[in-house]
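Good morning, and thank you for making time on the agenda. I would like to take the group through one structure, and I ask that you keep the display in view while I speak.

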Amino acid sequence: TPLPKITTPTTEECGNCDLVYVDEIGETPVVVFKQESDESPIATVVIRGSSENIMDDMERALDDGVNTFKALTKDDRYLPGAGATEIELAKQITSYGESLPGLEQYAVKKFAESLEAIPRALAENTGMKATDVLSKLYAAHQEGKQNAGVNVENSLEPVLDAKESNLQDLYLNKYWGLKFATAAACTILGVDQIIMAKPAGGPKAKPNRDWDED
């Protein structure tokens, strides 16, 4: 707990611990602070694996799970995963762009096309032809199947119902991802001029042939 004052902490501010001892995990000595009670605001997860790569993957998976739970405490809404949300947005934004007059429709259609990046990446990572998968996804969404996403486990049937398959993404992840990506694109488009910085200093010195290396 952070203390806002620079004084000697009291007993209540210091807290208490049931057991403090030195233990060895693998070949690493660690100091263990253990509470006998079941309820504690702090927990330590020890990750062990046969290689650094496996432990890094486990650490990332654990970190993603904790952050997902934290996001759910703020907003527990879900959206269909497997690229279904992006394709549905692309379809609706494309329809909206076709109703606009002038050159605006080209910008709106390009924005819709950029949303195909997620389902395209899912299809390419599984070895399927991304163009064929996207066309089948658009056909399914045109039929009203708003939850149609990429089936990464069966290339013969590349389209599945993400909701029925329990493939869901957090609403907050989609919301902030689209918001930040759109803001970054608008910032780049708003740049009128780029100033290139040249290396400082004068001309390079001429090599001295009579230079003695010793």
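Which helices each supply at least two residues of the lining of the second largest pocket? The model before you is a predicted one, and in it the helices in question are α4, spanning 104-114, α5, spanning 117-125, and α7, spanning 171-189. The pocket itself, the second largest, holds about 410 Å³ of space. Its lining is made up of 17 residues, and those closest to the centre are F111, S114, A181, T182 and A185. Helix α7 gives the largest share of that lining, with 9 residues. Sorted by class, the lining comprises 11 nonpolar residues, 4 polar ones and 2 charged ones.

Before going further into α7, let me place these elements in the chain. The protein has 7 helices and 6 strands. Read from the N terminus, the order of elements is α-β-β-α-β-α-α-α-α-β-β-β-α. There are 214 residues in the protein, and 19% of them count as buried.

I return now to α7, and to its aromatic residues. A pair of aromatic rings is described by the distance of the centres and the angle of the planes. How many aromatic pairs does a search of the whole structure find? The search finds 3. One of them joins Y171 and Y175, whose rings are stacked, with 6.0 Å from centre to centre and 25 degrees between the planes. Both of these tyrosines belong to helix α7, where they are 4 residues apart, or about one turn of the helix. Another pair is formed by Y175 and W176: the ring centres are 5.1 Å apart and the planes stand at 80 degrees, so this pair is edge-to-face. Taken together, ring pairs link Y171, Y175, W176 and F180 into a cluster.

Are the members of this cluster buried or exposed? For three of them I can give a value. Y171 counts as partly exposed because its relative accessibility is 24%, and the limit for a buried residue is under 20%. Y175 is likewise classed as partly exposed, at 37% relative accessibility. For W176 the relative accessibility is 37%, and this residue therefore counts as partly exposed. Y171 has a further partner in the form of a charged side chain: R77 lies over the face of the Y171 ring, at 4.1 Å from the ring centre.

Next, I turn to the strands. Strand β1, residues 19-25, pairs with strand β2, residues 28-34, in the antiparallel sense, and 7 bridges connect them. One of the residues bridged in this way is E24, whose partner in β2 is P29. What sign does the phi of G26 take in the hairpin of β1 and β2? The phi of G26 is positive, near 70 degrees, and the hairpin has 2 residues between its strands.

I shall finish with three residues and their contacts across the chain. The first topic is I87, which is located in helix α3, residues 84-98. I87 is buried, because its relative accessible area is 0%. Between the C-alpha atoms of I87 and Q146 the separation is 8.6 Å, although their positions lie 59 residues apart in terms of chain offset.

The next is L170, in strand β6, which covers residues 168-170. With a relative accessible area of 6%, L170 is also to be counted as buried. From the C-alpha atom of L170 to that of P80 is 8.7 Å, and along the chain these two are 90 residues apart.

The last is E113, which brings us back to helix α4, one of the helices that contribute to the pocket lining. E113 has a relative accessible area of 42% and is therefore partly exposed. E113 and K91 are separated by 22 residues in sequence, and by 9.2 Å in space from C-alpha to C-alpha.

That concludes the presentation, and I would welcome discussion.

Key: Residues are numbered from 1 along each chain as its sequence is written. Side-chain values use heavy atoms; hydrogens and water are left out. On a 1 Å grid over the protein atoms alone, a cavity is a set of points where a 1.4 Å probe fits but cannot get out, and a pocket is an open set with protein on both sides within 12 Å along at least five of seven lines; lining residues have an atom within 4 Å of a point. Grid points are joined across faces, edges and corners, and a volume is the space filled by probe spheres set on the points. Ala, Val, Leu, Ile, Met, Phe, Trp, Tyr, Cys and Pro count as nonpolar, Asp, Glu, Lys and Arg as charged, and the others, Gly among them, as polar. Rings of Phe, Tyr and Trp (its six-membered ring) pair if their centres lie within 6.5 Å; planes under 30 degrees apart count as stacked, over 60 as edge-to-face and the rest as tilted. Buried means under 20% relative accessible area, exposed over 50%, partly exposed in between (1.4 Å probe, protein chains only). A charge sits over a ring if NZ of Lys or CZ of Arg is within 6 Å of the ring centre and within 35 degrees of the ring normal. Two strands pair if DSSP finds at least two bridges between them.
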